[in-house]
Every structure is written in C-alpha cells, then in structure tokens.
Amino acid sequence: MLLDGKTLAAQIEQELKIRVQALIQRMGGKIPVLATILVGDDPSSATYVKMKGNACKRVGLESLPVLLPTSTTTEELLGKIKELNENPLVRGILLQHPVPKQIDERKCFDTISIEKDVDGVSSLGFGLMSMGKWAYGSATPKGIMNLLEHYKIPLEGKHAVVVGRSAILGKPMAAMLLNKNCTVTICHSKTQNLPHIIGQADIVVGAVGIPEFIKTQWLKNGAVAIDAGYHNGGIGDIQKEGLSDKCSAHTPVPGGVGPMTISTLIMQTVESAEKFSTLTP
Ligand code: NAP
C-alpha cells in the first residue's frame with residue numbers, strides 16, 4: 001500500500017479552505033496570518049518557505065514572509081519573534097531550520113509563544129506533547145502520525161524503529177509513536193548493528209539525512225516504511241529499489257512525508273486562529 005501524502009494533503013487543504021472562510025467571516029473580514037521567518041539565503045530553505053507561503057494562500061490564510069540577512073544576530077532574531085508574538089493577527093510563527101551558525105536556534109525556537117508555535121519546535125511544546133498533554137506537534141512527525149492514522153496503520157504494540165534523533169524530527173517522532181503505544185527504539189550515528197535492529201521493526205522511520213542510507217534488504221518482510229528524507233533527484237533516506245515488494249506499506253518520495261509536513265503546519269495555524277477567534281469578541 002502506498003501511503004499517499006500528496007493526495008491526503010490536498011484533501012486536508014480542501015477542508016481547511018472551508019474552515020478559513022468561516023473564520024474570516026467570524027473575524028469581520030480580518031485574515032489570520034502565518035509569519036514565516038527565513039534567515040539567510042540557503043536556496044533549499046527559501047524553497048521550503050515559499051512552498052509553505054503558497055499553501056497558506058491556497059487555503060485563504062495570509063502569509064507574512066520575514067526575510068533576514070545571513071548576518072542576523074540572536075538578539076535581532078529574538079526581537080523579531082517577540083514582535084510577532086505580540087501581533088494579534090499573527091496566529092502562527094514558523095522559523096525555518098537551520099538558521100546561520102552564529103544564531104542560538106534553540107533560544108529562538110523557545111521564544112515563540114506556545115499558542116503560536118504551530119510548527120511545534122519549542123521545548124515547552126515538546127515536553128507537553130511527550131507528557132501526552134496538548135501542544136502543537138512538530139510538523140513533520142505530526143504529519144507522519146496523521147498519515148498513519150488516515151491509512152489505519154496499526155500502532156499499538158508494534159515495534160517502531162526511528163532512525164535519527166533530531167529535536168524537530170526523530171525525538172518527537174519517537175515520543176508520538178510511544179504515546180500511541182508502540183514499543184520504540186531510537187537509533188543514531190553511534191548505534192551499533194543498525195541493520196539487525198531495523199530488521200526487527202514493524203515500522204521504520206528514516207530521518208537520517210543521508211540518501212538511501214537504509215537498505216531495503218535490512219527491512220523485515222511486511223514492514224511499514226516511512227521515509228522523511230528528501231534529497232535532490234527525488235531520493236529519500238530509504239532505498240527505493242525493491243521497497244514496494246518488501247513492505248506492507250510505504251511512503252513515496254516525493255509525495256509522502258513532505259506534503260504532510262506542510263498540511264500539518266497549515267492545519268495547526270488554522271487551529272490556532274480558530275482558538276483565538278473564540279477568545280476575542
Ligand atoms: P539531522 O538534524 O541532521 O539529524 C540526522 C540524524 O540522523 C541524527 O540524529 C544523526 O545521529 C542520525 N544519523 C546520522 N548518521 C547516522 C548513521 N550513520 N546511522 C544512524 N543514524 C545516523 O536531520 P533532520 O533535520 O532530523 O532531518 C532528517 C531527514 O529528514 C533529512 O533528510 C531531512 O531533509 C528530512 N526532513 C524532511 C522534512 C520534510 O518536511 N519532509 C522536514 C525535516 C527534515 P546523531 O544524533 O548521533 O548525530
């Protein structure tokens with residue numbers, strides 16, 4: 001079974017469009033805003049931010065691109081985030097990762113107010129989610145969870161192996177799967193005997209950042225393979241060749257996790273705007 005993120009994301013967008021129209025009416029014509037902060041001129045980051053802005057427009061939200069030079073300091077970026085935190089029309093703030101090296105990215109993520117952290121990058125949001133409490137989920141792992149739920153992939157009691165432990169992907173992915181009663185193993189660059197561990201997995205999430213690093217032959221027959229990676233030429237972190245024969249279900253690259261990440265970000269922005277609209281007269 002192909003876990004078609006592109007088609008599901010398009011369906012979700014159609015539903016969000018209707019919700020946004022109702023929201024704008026309730027807000028007397030005001031349009032909720034997602035602020036997208038891009039620091040520097042990395043072309044891939046610029047493309048991702050543009051795609052997120054375009055998705056906003058498709059559902060009727062306003063996107064506010066904030067473009068800052070590569071030389072931006074932590075203090076300058078913190079100042080911009082605080083300004084956006086205080087702007088009532090801004091209902092979501094996205095800070096595109098990674099930021100230039102001189103910036104304390106964690107401090108900046110943690111300055112985004114929890115109710116506007118629609119990309120789920122703050123430590124507070126991660127902590128709350130890990131405790132099974134409400135917070136917007138980190139967009140990529142939350143998008144993967146939405147995809148697994150849509151396709152009714154059984155999770156309870158299954159052994160999930162997450163390869164990668166980054167703060168925005170691997171760690172929250174592991175916590176979300178644990179919250180759904182998976183037995184979770186997290187692998188990283190110091191893990192020994194990775195093929196053996198992957199061979200025991202009912203569900204494998206590739207979040208390594210190395211093209212086709214996870215080999216099809218390592219996977220158990222009938223495993224579910226989720227590929228979060230994306231590299232030039234439409235290659236993911238999991239080897240493509242033989243994947244559909246080996247797996248019971250898998251995500252395509254492209255058209256799997258990528259579109260789900262964007263639709264989750266937009267969905268969480270709409271949720272934030274809906275919450276705010278019920279709080280204000
Ligand atoms: P990252 O911060 O570079 O983290 C990579 C992780 O992989 C680290 O935890 C690292 O371990 C682990 N790793 C590296 N080499 C390994 C090895 N030989 N064996 C086992 N583990 C190894 O990357 P990320 O931001 O999490 O992104 C991962 C992938 O997802 C990338 O391909 C990225 O493009 C993609 N991604 C996609 C989306 C989307 O919207 N589709 C969003 C975000 C990321 P250590 O911790 O030990 O270094």
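Which helix gives the largest share of the lining of the second largest pocket? I started my notebook with that one, and the reply is helix 6, with five residues. A reminder to myself before going on: this is a predicted model.

**Entry 1: the second largest pocket**

I looked up the volume and found about 450 Å³ of space in the second largest pocket. It has 21 lining residues, and the closest to its centre are Met 129, Lys 142, Met 145, Met 176 and Lys 180. Helix 6, helix 7 (170–179) and helix 10 are the elements that each give two or more residues to this lining. Sorting the lining by class, I got ten nonpolar, six polar and five charged residues.

**Entry 2: helix 6 itself**

Next I turned to helix 6, which runs over 139–150. Its twelve residues reach 16 Å from first C-alpha to last, close to the 16 Å expected at 1.5 Å a residue. Is helix 6 largely enclosed by the rest of the structure, or largely open? Nine of its twelve residues are buried, so helix 6 is largely enclosed. The buried set includes Ala 139, Pro 141, Ile 144 and Leu 148. Met 145 is also buried in helix 6, and I had already met Met 145 among the residues closest to the centre of the second largest pocket. For packing partners of the buried residues, I noted helix 1, helix 7, strand 6 (203–206), strand 7 (223–227) and helix 10. After the helix comes Lys 152, with a positive phi near 55°.

**Entry 3: the largest pocket**

Then I went to the largest pocket, which holds about 1400 Å³ of space. I found 47 lining residues, with Tyr 48, Ala 228, Tyr 230, Gly 258 and Thr 261 the closest to the centre. Helix 6 turns up here too, among the elements that give two or more residues, along with helix 1 (5–26), helix 2 (43–59), strand 3 (90–95) and helix 10 (257–279). By class, this lining has 21 nonpolar, 18 polar and eight charged residues. Domain 1 (28–113) and domain 2 (139–257) each supply at least three residues to it.

**Entry 4: the cavity**

Last, I checked for enclosed space. How many cavities of 30 Å³ or more does a search of the whole structure find? It finds one, and its volume is about 30 Å³. Gly 120, Gly 125, Phe 126, Met 129, Tyr 136, Gly 137, Ser 138 and Pro 172 line it. Helix 5 (residues 123–130) gives the most to this lining, three residues. The split is four nonpolar, four polar and no charged. I also marked Met 129 as a link, since Met 129 lines this cavity and sits among the residues closest to the centre of the second largest pocket.

Conventions. Residues are numbered from 1 along each chain as its sequence is written. This is a predicted model: local features need pLDDT of at least 70, side-chain atom pairs count only at pLDDT 80 or more; totals for chains, interfaces and linings use all residues. Side-chain values use heavy atoms; hydrogens and water are left out. On a 1 Å grid over the protein atoms alone, a cavity is a set of points where a 1.4 Å probe fits but cannot get out, and a pocket is an open set with protein on both sides within 12 Å along at least five of seven lines; lining residues have an atom within 4 Å of a point. Grid points are joined across faces, edges and corners, and a volume is the space filled by probe spheres set on the points. Helices (H or I, at least four residues) and strands (E, at least two) are DSSP runs, numbered from the N terminus. Ala, Val, Leu, Ile, Met, Phe, Trp, Tyr, Cys and Pro count as nonpolar, Asp, Glu, Lys and Arg as charged, and the others, Gly among them, as polar. Domain bounds come from an automatic or database domain assignment. The expected span of a helix is 1.5 Å times one less than its number of residues. Buried means under 20% relative accessible area, exposed over 50%, partly exposed in between (1.4 Å probe, protein chains only). Contact means heavy atoms within 4.5 Å.
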